[in-house]
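Keep the structure open while reading this report. It covers strand pairing, helix packing and salt bridges in turn.

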Amino acid sequence: MYDIIIRGGTVVDGTGAAPHRADVAISAGKIAAIGTIDGAAREVIEAEGALVTPGFIDIHTHYDGQFIWDDTLEPSFSNGVTTAIAGNCGVGFAPVQQKDRTRLVEMMEGVEDIPGIVLDEGLDWSWTSFPDYLDRLDRRRYTMDVAAHLPHAPLRVFVMGDRGLAHEPANDDDLAEMQRVVREAMAAGAVGVSGSRILEHKSSKGEFVPGTFAEDRELIAIAEAMGETGKGVFQIVPLGCSGDTVGTQIPTEERLSEHDRFERIAEACGRPVTYLLHSHNHAPEEWREMIAASEAAQRRGLDIHPQVAARGVGLLLSLDGYHIFQARPSYMAIAHLPRAERAAAMRVPERRAAILSEANVGPDEAPTRRILGLAERFAQVLDRFYVMQPPVNYEPDESLRLDRIATATGRTMDEVLYDTLADGDGSRMVADFAMNYTGGNLDSVHDMLAHPDTISGLGDGGAHLLMVCDAAMTTFHLSFWARDRSRGPTLPVEAMVAKLTGKSAEVYGLHDRGVIAVGKRADINVIDFEKLDSEMPEMVFDLPLGSGRLVQRATGYRATMVNGVVTRRNDLDTGARPGRLVRAGHAEAA
């Protein structure tokens, strides 16, 4: 008697092998048999016409805080994710001394756009060391398994205090203590270490994140300590990674020199290194040179993997998120209204004329300095924004760009944006694809995803809550790249599944999951491929203190299971919470 039989599905096993029809039997949380299965089961999931895939492994999230107060972990949950890894980009909440808690909140607020008031309310700070933090996560249960890197910024502040915040070079004693903390974190089950050198990453106080200017010897010391444990991945954000987003355009030769640093880190740790890679409008072929450098490093035995997104990376403007009118007096007068009432008020001709004609208030009168700064920045690049409309399309026709609509309708881009946001109940949005959308298409993303050395990531679940919802990219891998794309070549469904499952599991040493094979964990998705789709992003208000965040749910998941327990059935939460902390290198992840 099996626990579950998934009967008659098309198995896409996560290895990149061709799909094949088979039944899958599950017992005691493991895959017990694959093939034609005649035995009985307590539950049968009919999968005729559906894909049966491993559960998706999202290697790039920022649920570090959300892990503490939320057991659902949307939007990853409704998009087939069964393992989520946090602690990316060098920011997080452990290790930490009590006196530095506020500084870590300010870093996460500035870098990942998670409101400080949400973190202040949601975090209980029942930890000091990184093992303490993992123990805190280990006491909770989730819809999926969770794991975390040790982030460089809190490590540096924990060891160096104010000197770390002031970007002073680490001395020999500092490096020795950092290495001790790294070894301690890895022994406790950290999946690796993360760092960042991107200049745009600043705290909510405008301060550069500790570690941004760390000398190579500091990065090497950390890498060596991680490598001594025989496990872990070193994840790093390169200099100039978001160049098109905020206008910092790093010369290609300087970006390529970053790869030399990654190679030194890989040599020091003897472990996988993954760095973020995008295509940029100002240097549309640079990504090819970075991948070529990674290929050369791989040939020399260095395990280096560019980490790429499945679609354009940018931001959304919405009435309940950020937009260019937030610091104009006549809009501020109605900003307190519920969204639908606010949209209706915006459509009153006199108010529309007033808001469109007004300048922003000064810094002391603005809702916040951040809102004022973003409003001014977005107003300068409106010609990059596209109107989003159902069905959601991440490779839209150029006729949907604000400047094209403005020309066609005799309005300004400000007017087009205003009328879009004020339409209906105020739920409409516009999207900027600042990176990965070179030439007005996703051809560069296709080529990056097709490369055997790249891994899929950058969903950023739990971060950029009011302007980004990229955690739904897991669904997009399949629905768009393996089925729907009309403006260029597609990719095989087995390749896309492997990017989300087996490849990530291999790089992160999660050998108990990521493929459909006998003896592996029954982390599985049963997907109605023809119905698989992403809903429009929407703002929900379910964070601590009722704060808002963007979510993007999916349809088409007949079932998602973690460790053999069904967590979603026909796109609905079953209420089961089998997920737990994964401690890398421990028996349950071996």
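## Strand 23 and its partners

Valine 526 stands opposite alanine 559 in strand 23. The model is predicted. Valine 526 belongs to the pairing of strand 18 (residues 524-527) with strand 23, which is antiparallel and runs over 4 bridges. Strand 24 (residues 565-569) also joins strand 23. That pair is antiparallel too, again with 4 bridges. Here valine 562 has valine 565 of strand 24 as its bridge partner.

Strands 23 and 24 form a hairpin, with 2 residues between the strands. Asparagine 563 in this hairpin takes a positive phi near 55°. Is strand 23 enclosed or open to the outside? Strand 23 spans residues 557-562, and 5 of its 6 residues are buried, so the rest of the structure largely encloses it. The cut-off for buried is under 20% relative accessible area.

## An open sheet of 3 strands

Another group to inspect is an open sheet with the strand order 14-16-15. Its 3 strands pair in the antiparallel sense. Which strands stand at the edges? They are strand 14 (313-318) and strand 15 (385-387). Each has a single partner strand, so one side of each is left without a neighbour in the sheet. From one strand to the next, the twist averages 30°.

Strand 16 covers residues 429-435 and pairs with strand 15 over 3 bridges, in the antiparallel sense. One position to look at is phenylalanine 385, whose bridge partner in strand 16 is aspartate 432. In general, strands of a sheet pair through backbone hydrogen bonds, either parallel or antiparallel.

## Helix 10 against helix 11

Helix 10 (residues 252-269) packs with helix 11 (residues 286-299). Their axes are 10 Å apart, at an angle of about 25°. How are the two helices oriented, roughly parallel or roughly antiparallel? Helix 10 is roughly parallel to helix 11, because angles under 35 degrees count as roughly parallel. The crossing of helix 10 past helix 11 is right-handed.

The contacting residues can be picked out on each side. Helix 10 contributes Thr252, Arg255, Leu256, His259, Phe262 and Glu263. These meet Glu286, Glu289, Met290, Ala293, Ser294 and Ala297 of helix 11.

## Salt bridges

How many salt bridges does a search of the whole structure find? The search finds 53. One of them joins the side chains of aspartate 172 and arginine 217, at 3.2 Å from N to O. Aspartate 172 lies in helix 7 (residues 172-188) and arginine 217 in helix 8 (residues 216-228), so the pair ties together parts 45 residues apart in sequence. Aspartate 172 counts as exposed, at 54% relative accessibility. Arginine 217 counts as partly exposed, at 39%.

Two further pairs sit in opposite settings. Aspartate 364 and arginine 369 meet through their side chains at 3.3 Å, N to O, and both residues are exposed. Aspartate 523 and arginine 521 form a salt bridge at 3.1 Å, N to O. Both of these residues are buried. Which residues do shared partners join into one network? The network consists of Asp145, Asp512, Arg513, Arg521, Asp523 and Arg580.

Note on methods
Residues numbered from 1 in each chain as written. Predicted model: local features only at pLDDT ≥ 70, side-chain atom pairs only at ≥ 80, totals over all residues. Heavy atoms only, no water. Salt bridge = Lys/Arg side-chain N within 4 Å of Asp/Glu carboxyl O. Buried < 20%, exposed > 50% of the residue type's maximum accessible area, 1.4 Å probe, protein only. Pairing = 2+ DSSP bridges. Axes fitted to C-alpha atoms, helices over the stretch in contact; angles between N-to-C directions. Parallel < 35°, antiparallel > 145°, perpendicular 65-115°, else oblique. Left-handed = near helix turned anticlockwise from the far one by under 90°. Contact = heavy atoms within 4.5 Å.
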